[in-house]
There are 2 protein chains.
Amino acid sequence: MRLDALFSPRAVAVVGASNRELTIGYRIIENLLDFGYTGPIYPVNPKGGEIRGLKAYPSIRDTPEPVDVAHIVIKNTLVPACVEDCAKKGVKAVIVNTAGFRELGEQGAALEDQLVAIARKTGVRVFGPNCQGIINSDPAVRAYCNFTFTRPTPGHISIVAQSGGVGEVIHQRITELGVGVRQYASNGNACDVSIPEIIQHYGQDEQTKVIVVHLESLPDPRAFLEAATQVARRKPILAMKVGRTAEGAKAVSSHTGGLVKQDTAIELIFEKAGVVSFRNLEELCQSAIGFASQPVPAGNRVGMLANTGGPAIIATDELIESGMVMPPLSKPTEALLRDRLLPEASINNPGDVLATAGPEHFAAAINALLDDDGIDAVFLNFVTPFFVDTLGVAREIAEANRRSRKPIVATVMTEKKGWAETLKVIRDGGVPTYDMPETSAKVLAAMGRYAALLKRPIESPVSFPDVDVARARSIIQAAITRRDSSNNGGQELLTADEGYALLGCYGIPVAGYRLAGNVEECLTAADEIGYPVALKVDAVGVVHKTESGGVVLDVTDREALREQARQMAARFADASPKFLVQEQLHEGREVIVGAKAVEGLGHVVMFGLGGIFVEVLKDVSFAITPLTGREAREMIESLQTYPLLSGARGQAGVNTAALAETIQRVSQMLVDNPEVRELDINPVFASPHGAKAADVRVLL
Amino acid sequence: MRLDALFSPRAVAVVGASNRELTIGYRIIENLLDFGYTGPIYPVNPKGGEIRGLKAYPSIRDTPEPVDVAHIVIKNTLVPACVEDCAKKGVKAVIVNTAGFRELGEQGAALEDQLVAIARKTGVRVFGPNCQGIINSDPAVRAYCNFTFTRPTPGHISIVAQSGGVGEVIHQRITELGVGVRQYASNGNACDVSIPEIIQHYGQDEQTKVIVVHLESLPDPRAFLEAATQVARRKPILAMKVGRTAEGAKAVSSHTGGLVKQDTAIELIFEKAGVVSFRNLEELCQSAIGFASQPVPAGNRVGMLANTGGPAIIATDELIESGMVMPPLSKPTEALLRDRLLPEASINNPGDVLATAGPEHFAAAINALLDDDGIDAVFLNFVTPFFVDTLGVAREIAEANRRSRKPIVATVMTEKKGWAETLKVIRDGGVPTYDMPETSAKVLAAMGRYAALLKRPIESPVSFPDVDVARARSIIQAAITRRDSSNNGGQELLTADEGYALLGCYGIPVAGYRLAGNVEECLTAADEIGYPVALKVDAVGVVHKTESGGVVLDVTDREALREQARQMAARFADASPKFLVQEQLHEGREVIVGAKAVEGLGHVVMFGLGGIFVEVLKDVSFAITPLTGREAREMIESLQTYPLLSGARGQAGVNTAALAETIQRVSQMLVDNPEVRELDINPVFASPHGAKAADVRVLL
């Protein structure tokens, strides 16, 4: 476990320690002392003397052996030399709290590069710079290597936050809610120790049951995807990516590519990795509390009990809208409840035990739901009436939770001072409690989302054997050579012939076509293909061929073709054009398969119905390469317009299996040919018999 | 002010008062005493004696004059007689806490009807039955006529909740957040005193600045719409309707009608009345706090300041997604900030004054935004660094708020015990503070939504003069007569001829048609109209004519028409059919205008594009009659598919003004003819030249 020395240091030094109370160099020492750090603390200050009663050393090299972690809180330009010193001393990791690096522009970036170089050379791990630090509440360690204010009680939630401010808000909120935190990290500029590494570290920490992640950007998305995929199978990762409305993707010439927002890629990474994604900090914190104390439900079937109807309606709305289900009770459960509850109780789901229900009624009802095989989780709405033995009810809730393997969450609506003991008994019994019915519902729904992610079969992308990689590579290589000898700003569009050939290499069906150099060759080509045909210009430098009059569809006979080809030849005379004569497809729905390269990740593939569905309704789906069969199917099935593909209004559906195969073959092509920057197969004609590409645009 | 005696009683009696602590009859007296009710309290108990130190009277008639409010907490069957007694005593209002009325079925309903009859007869107002009661925190009154536990401090938020449980949750949450409540009411079965009346009462109460409403259903939607419309112009009404996922609308034969969910109607009422609608209790409570202390913004332009970047990004996401805008700062504001803030501060929107910023920096920045005419509201994100004079910052925030006419909301991220004084200074200064950036953002966005509602021009529905109401009434009356003499279960479908004529009475353009009794008449009709034509069966009892082969479109010539008419005559031989030969429209987009009567309200009108857009994508909009021009336009413009009407992908748009007029004429027809249960004009051909109905179905 590579980050153990950082999170469980045997000794901590603070280089730049100070006696001035409002400095970070003072605050870190105070925090370490206050929190009861179990190892020695070595203030380092050229003046020596004492700092907060501890002997200060003039240099890190003067401190007694061994020092695992050294905070560095000195002027930015002095940091690299200090890290070198730390390396000589044998320090395992430095936490560079000092700011003034990459965030300040070029000069700072150069300074930060120095740190990275020293880290690589010496093996010292650099945490930060421009960061808060770490906290480890493990009673054997109690390392508060941080200048913030929240004092956690030991627990099972570990936090990693890119923004220190947001990390502190999360930490503070969870602590304020009375729940423990295991480890905390905010690594600022993250020049060396990275968030994926920290996630892996938390994954290996036995006492961490839930990992909370805050992200603003992903410098190495592939590393994050891999670390998160590994860890999320074992324990829940709850993550929030912010900056959703940041000015979207770069302008790109392809509208397909334009639909991939920067933010989308990170959401897709979460989805692919099995990370539970949040769009709201409060929900994230409240959910962490639920995950930390309760088992993951086996499914999404909720049984709800209440002692007053109103809040149950609210919770039901929220659960159903969040994808949970509330099945009718089984006959035996119904009979049991009818026997045990008050006569006017409502034996339903949600059930109402009535405001006058006492401990025995609650116990009977909760246990009946826990024992019902048709229920995966129990949801309680408990208002504390003054005329009820609420403490007794609390004890029954806690007791039921002790014997349960299903999750229980509770909305407890009360006056917290008057009913403090009731609340405490429920919480100490391990049942997370919430003030508002929607909050409990959102938490349980998040647990249901994780359950669904866990249930996904572990599946590898299909590697189709009938592909010609060598030929594909030679097509791409030829285009790269052409690009490198041109002045297209590093971009190169494949010719139509190259594009179709590339698809052909991967067994993607393409509408039959012939290339023609002149009008007569067009006529010969059409005779071979059979009318009607489509006529398209094929010339280097023509990017938007439809808009510039380079596409004529549905040419029905020789005369018409001759005339159209003549006109097109004249229109593009300057570009010494070739022509493409192509089988005119009609049958089926027009769909689009597109893709865009995302730096450090691979490609994001897009799928949607063509025309207004993509342009007006923006009804498209995305996924990251390499795609599994499930992912390809989900891309198709998640469309709002999916009924148009599966068959709606009495019309036959298209062959969605063939479409899914096309998407997977496109994915394989993209993995083999990472130089493809943008791909736009538009349209693909999807019919009951299969899927055929009718146009393709490939940008390197 | 008709409910004054209820909310500000000069004396309160409790009929069914008891010395047993766990009874409601004890609890109400305890609550009145505890809360410091300023009037006399008269326990009523046949045994007399003393209850909690107060003299008890054997009957309400024995109590000293005057009693404004009497709680009734006795057995349900004894309640009517007791209300009669109260009337004789001169009691103004009774609060019937006792349950066992309409909620228990037929017998209970009969008992409740008795109460209503007594109320009507005697003028006693009945609050409840099966209810909590009211609270008035006015220091001159302090009436806690309720058995719940929350003790409000006097404030400016008034609450009315249909569910007592939810009312208590709202009341508890607002109080727990340290904010005052003015009045509270939960009226249970609401047999007499209604929620619309209570809203009107709050509207007239000067100290009520915000009204919070919880609804589960609307027994009299029109009364609610009228009361809310009146009050919402003067003070914000924040409302939440629950039961969104309740099993939707009744099955109806018309798919148009089927799209109007029960819930939709209430959301539409909120929208029409100018009520700020919520789908989350916590958001509702937090927003109430913002509205209670801050002015309504003039618009949706937010200026944001932070002293750490992360939370500002989160708040920005939330604001933008909620419809607020964050404009760039004006040049003078920029210059001012550059002059006054720290050199590394980020002079943007959101701006970052930096973690090290002190009171003078905050003051300068907040005031600069308040003085900027391009900013309607100021949003602060304040993390309390240990090295900053946070109390000084708090004082500057409070001071800025005192001189401001623009709303200020603040996220204060802190450890609440350590920084209690800082928090208190901000709150006492009148600035609402929130723990989480999203919460403040949602609150400000709610204020922006109210601002937008206030800005809507007050507009009356157009009354088109060129209509023939008399003829329309005679068509409807004839159909009603037919219905009443038939066995259609009280339903009656207008014939095609009647339906088109009805539209014609309101100047709604209809595709030309002729009625024909046989095949030869069809041919003659088509000759007059001109080919192509549509041929439709017109027979009583044929509801789904398309599905049963009663519609043939695009008949191009005499031969084809003869053949089709023959077949159709044979197909419907049993129904002694007539035929409708109709101009075949092609040009433009097919849209649908539908409507459904909602009991006690009027009609809900539906609009959408036909075919897959309504059936697969469910892209439809709704509004309540009578429709104003703005509402008709918004129905069109709010569609996801609106670009297909306004012109997309290089195609010309349709005449949306003509469409809006058609919708308004339909609204006028529905208002004049309330017997119309369902209307389905499908399709209407909307083209650049106008809109023409091509089929209509009217169900009475």
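# A tour that starts at the end of a helix

Begin in chain B and select B:Gly530: this glycine follows helix H19(B) and has a positive phi, near 95°. Everything on this tour belongs to a predicted model.

**Stop 1: helix H19 of chain B**

Step back from the glycine and select residues 519-529 of chain B, which form helix H19. Which of its residues are buried? Colour B:Cys522, B:Ala525 and B:Ala526, and you have them. Looking down the axis of H19(B), you will find these buried residues within an arc of 100°, so they line one face of the helix. A reminder for this view: an α-helix has 3.6 residues a turn, so residues three or four places apart point the same way. Now turn to the other side of H19(B), where B:Glu520, B:Thr524 and B:Glu528 are exposed.

To see what lies over the buried face, add strands S20 (513-516), S21 (533-538) and S23 (578-583) together with helix H20 (558-571), all in chain B; they are among the elements that cover the buried residues of H19(B).

**Stop 2: helix H4 of chain B**

Next, select residues 106-122 of chain B, helix H4. You can check its length with the distance tool: at 1.5 Å a residue, its 17 residues should span 24 Å, and the end C-alpha atoms are 24 Å apart, which agrees. The buried residues here are B:Leu111, B:Glu112, B:Leu115 and B:Ile118. Down the axis of H4(B) they fall within an arc of 110°, so they too line one face of their helix.

Flip to the other side of H4(B) and pick out the exposed residues B:Glu106, B:Ala110, B:Val116, B:Ala117, B:Arg120 and B:Lys121. The cover over the buried residues of H4(B) includes helix H3 (79-89) and strand S7 (125-127) of chain B. As at the first stop, look just past the end: H4(B) is followed by B:Gly123, with a positive phi near 85°.

**Stop 3: B:Val94 and the nonpolar core**

Select B:Val94 now. Along with A:Val94, B:Val94 has the most contacts inside the largest nonpolar core, a set of 458 residues. The largest share of this core, eight residues, comes from H16(B). Around B:Val94, leaving aside neighbours within four places in sequence, show the residues in contact: B:Ala70, B:Ile72, B:Val83, B:Cys86, B:Val124, B:Val126 and B:Phe127.

**Stop 4: where the two chains meet**

Zoom out to show both chains. How many residues of chain B are in contact with chain A? There are 49, and they meet 49 residues of chain A. On the chain B side, highlight helices H5 (164-176), H10 (281-293), H11 (309-321), H16 (437-455), H21 (612-615) and H23 (642-646), each of which supplies at least two residues. H11(B) gives the largest share of that side, nine residues. Colour the side by class and you should count 21 nonpolar, 15 polar and 13 charged residues.

Then superpose the copies: a turn of 180° with a shift of 0.0 Å along the axis lays chain B on chain A with an RMSD of 0.1 Å. That is the relation of a two-fold axis. To place the axis, select B:Leu617, whose C-alpha is the nearest to it in chain B, at 4.9 Å. The same surface serves both copies, as 100% of the contact residues of chain B recur in chain A.

**Stop 5: chain A as a whole**

Hide chain B for a moment. Chain A has 24 helices and 29 strands, and its C-alpha trace spans about 95 × 80 × 40 Å along its principal axes. Of its 700 residues, 54% count as buried. Among contacts in chain A with a separation of 6 or more, 71% join residues 24 or more positions apart.

**Stop 6: A:Thr38**

For one such pairing of distant parts of the chain, select A:Thr38, in the loop between helix H2 (24-35) and strand S2 (41-44) of chain A. Its C-alpha is 5.4 Å from that of A:Val141, although the two are 103 residues apart along the chain. Leaving aside neighbours within four places, A:Thr38 is in contact with A:Ala140, A:Val141 and A:Arg142. Is A:Thr38 buried, exposed or partly exposed? With 14 C-beta neighbours inside 10 Å, A:Thr38 counts as partly exposed.

**Last stop: helix H22 of chain A**

Finish with residues 629-637 of chain A, helix H22, where A:Glu631, A:Ala632, A:Met635 and A:Ile636 are buried. Seen down the axis of H22(A), they fall within an arc of 140°, so they line one face of the helix. Add strands S25 (602-609) and S26 (620-624) and helices H23 (642-646) and H24 (656-672) of chain A to see part of what covers them.

Note on methods. Residues are numbered from 1 along each chain as its sequence is written. Chains are lettered from A and ligands numbered from 1 in the order in which they are written. This is a predicted model: local features need pLDDT of at least 70, side-chain atom pairs count only at pLDDT 80 or more; totals for chains, interfaces and linings use all residues. Copies are superposed by least squares on the C-alpha atoms of residues with pLDDT of at least 70 in both. Two residues are in contact if their C-beta atoms, placed from the backbone, lie within 7 Å. Helices (H or I, at least four residues) and strands (E, at least two) are DSSP runs, numbered from the N terminus. Ala, Val, Leu, Ile, Met, Phe, Trp, Tyr, Cys and Pro count as nonpolar, Asp, Glu, Lys and Arg as charged, and the others, Gly among them, as polar. The expected span of a helix is 1.5 Å times one less than its number of residues. A residue is buried if 20 or more other C-beta atoms lie within 10 Å of its own, exposed if 12 or fewer, and partly exposed in between; C-beta atoms are placed from the backbone. The arc is that of the directions from the helix axis to the C-beta atoms. A nonpolar core is a set of buried Ala, Val, Leu, Ile, Met, Phe, Trp, Tyr and Cys residues joined through C-beta atoms within 7 Å.
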